[in-house]
Every structure is written in structure tokens, then in C-alpha cells.
Amino acid sequence: AAGADASNILEKLGINVMAYTKSIGGITIDYTRCKKDNVKISPLCMPDLEASKLAEDYLLNIMKEQDSAGGIIECIITGMPAGIGEPVFDKLDASLAKAIMSIGAVKGVEVGDGFGAASLSGSANNDHWYYNDNKKLLKHSNHAGGILGGMSDGSEIILRAAVKPT
């Protein structure tokens with residue numbers, strides 16, 4: 001009930017939260033084939049129906065072997081205003097990571113490019129800001145996943161959770 005109330009409040013604020021299965025085992029969605037409505041159709045909540053079918057077949061085989069598989073859940077939050085969070089003790093990314101890590105079987109959390117950012121140089125990882133024709137401040141990229149300095153920056157917030165095989 002609290003989740004439904006929270007969803008209604010977020011909707012009224014123009015904030016949308018969408019989570020889906022990004023990968024199962026070694027099978028990962030192809031973003032060029034993704035459609036938001038497919039998440040409701042796919043039995044595995046994947047927005048890419050081709051990947052969903054491959055993952056279903058993979059899971060059937062792995063279950064026959066009496067084994068299990070892990071995966072990655074991706075969450076994208078749109079409409080979050082800039083400035084939510086704190087720069088030191090109550091960082092937005094830290095609060096989200098704590099909530100996600102509290103879910104059973106989650107063994108890793110990634111915000112934006114996350115672990116991939118560790119192999120980039122600072123100039124490649126930096127999200128450069130610019131003003132568009134309407135004088136709106138935007139970024140050319142979103143490597144930070146919508147959170148800079150512990151606060152939302154107005155971009156999409158992108159989170160991933162790694163779920164271990166059971």
C-alpha cells in the first residue's frame with residue numbers, strides 16, 4: 001500500500017521510476033530492440049523480447065542442470081529535479097545504494113557508468129555541461145548517472161543492481 005501511495009506521489013511530481021531485467025547469465029538486452037511496454041509482456045521483465053526469449057531458454061536449460069543464474073536489474077528514474085540529496089552525509093547515491101544492497105541476493109550496485117568509469121580518464125568520464133537554445137542547462141553525457149556530488153543533477157538517474165545466482 002505504501003508503494004502504491006509513493007508511486008502516486010512521484011507521478012504527481014512528474015518523477016517516473018522504471019526497473020527491468022538488463023541481463024540474465026550472459027544474455028543482455030540490446031537497447032536498439034527495447035520497448036518500455038515489453039517489460040509488462042516479458043515473463044522476465046526484459047524490454048528486449050529477443051533477449052527475453054534467449055534468457056528463458058537459458059534458464060530452462062540451467063534449471064534442468066539443477067543450477068541457477070544471476071543477473072542485472074537496471075532502474076532509470078526520470079523527472080527528478082536537481083538538488084535532491086546532500087553533498088556529505090546523506091548523499092543520494094549512498095542512500096539509494098543502501099536501499100538496493102538491502103535487497104536479498106544483491107551483491108553490487110552501480111550508478112551511471114559505475115565500474116566502467118574506473119577505466120576511463122577524467123576527461124573522458126567528465127559530463128560536460130552546456131546551454132541549449134532555450135537557455136536550459138544540459139549535459140552532453142551522463143556518465144555520473146544523474147548524481148553529482150551526492151545530489152541529483154536533473155538528468156536521468158541510472159542505477160544497476162547485480163543479483164547473484166541463488
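## Working through a sheet and its core

Let's start with strand 3 (residues 71-78) and strand 9 (residues 157-163): they run antiparallel and are joined by seven bridges. Keep in mind that this is a predicted model.

**Exercise 1.** Work out which strands stand at the edges of the sheet, and why one side of each is left without a neighbour.

*Solution.* Step one: write down the strand order. The open sheet has five strands, ordered 2-1-3-9-4, with antiparallel pairing. Step two: look at the two ends of that order. Strand 2 (27-28) and strand 4 (106-111) are the edge strands; each has a single partner strand, so one of its sides has no neighbour in the sheet.

**Exercise 2.** Find the residue that I77 stands opposite in strand 9, then say which helix lies across strand 4 and strand 9.

*Solution.* Step one: go across from I77 and you land on I157. Step two: look for the helix. Helix 4 (residues 92-101) lies across both strands, and runs at about 155° to strand 4.

**Exercise 3.** Track down what makes up the largest nonpolar core, and which strand gives the most to it.

*Solution.* Step one: collect the members. The core has 12 residues in all, among them I77, M80, I100, V109 and I157. Step two: sort by element. At least two residues come from each of strand 3, helix 4, strand 4 and strand 9. Strand 9 gives the most, with three residues. Step three: zoom in on one member. Skipping neighbours within four places in sequence, M80 is in contact with I15, S152, G154 and I157. Step four: check for another core. There's a second, separate one of 10 residues, including Y20, I24, I29 and A55.

Methods: Residues are numbered from 1 along each chain as its sequence is written. This is a predicted model: local features need pLDDT of at least 70, side-chain atom pairs count only at pLDDT 80 or more; totals for chains, interfaces and linings use all residues. Side-chain values use heavy atoms; hydrogens and water are left out. Two strands pair if DSSP finds at least two bridges between them. Helices (H or I, at least four residues) and strands (E, at least two) are DSSP runs, numbered from the N terminus. Contact means heavy atoms within 4.5 Å. Axes are lines fitted to C-alpha atoms, for helices over the stretch in contact, and angles run from 0 to 180 degrees between N-to-C directions. A nonpolar core is a set of buried Ala, Val, Leu, Ile, Met, Phe, Trp, Tyr and Cys residues joined through side-chain atoms within 4.5 Å. Buried means under 20% relative accessible area, exposed over 50%, partly exposed in between (1.4 Å probe, protein chains only).
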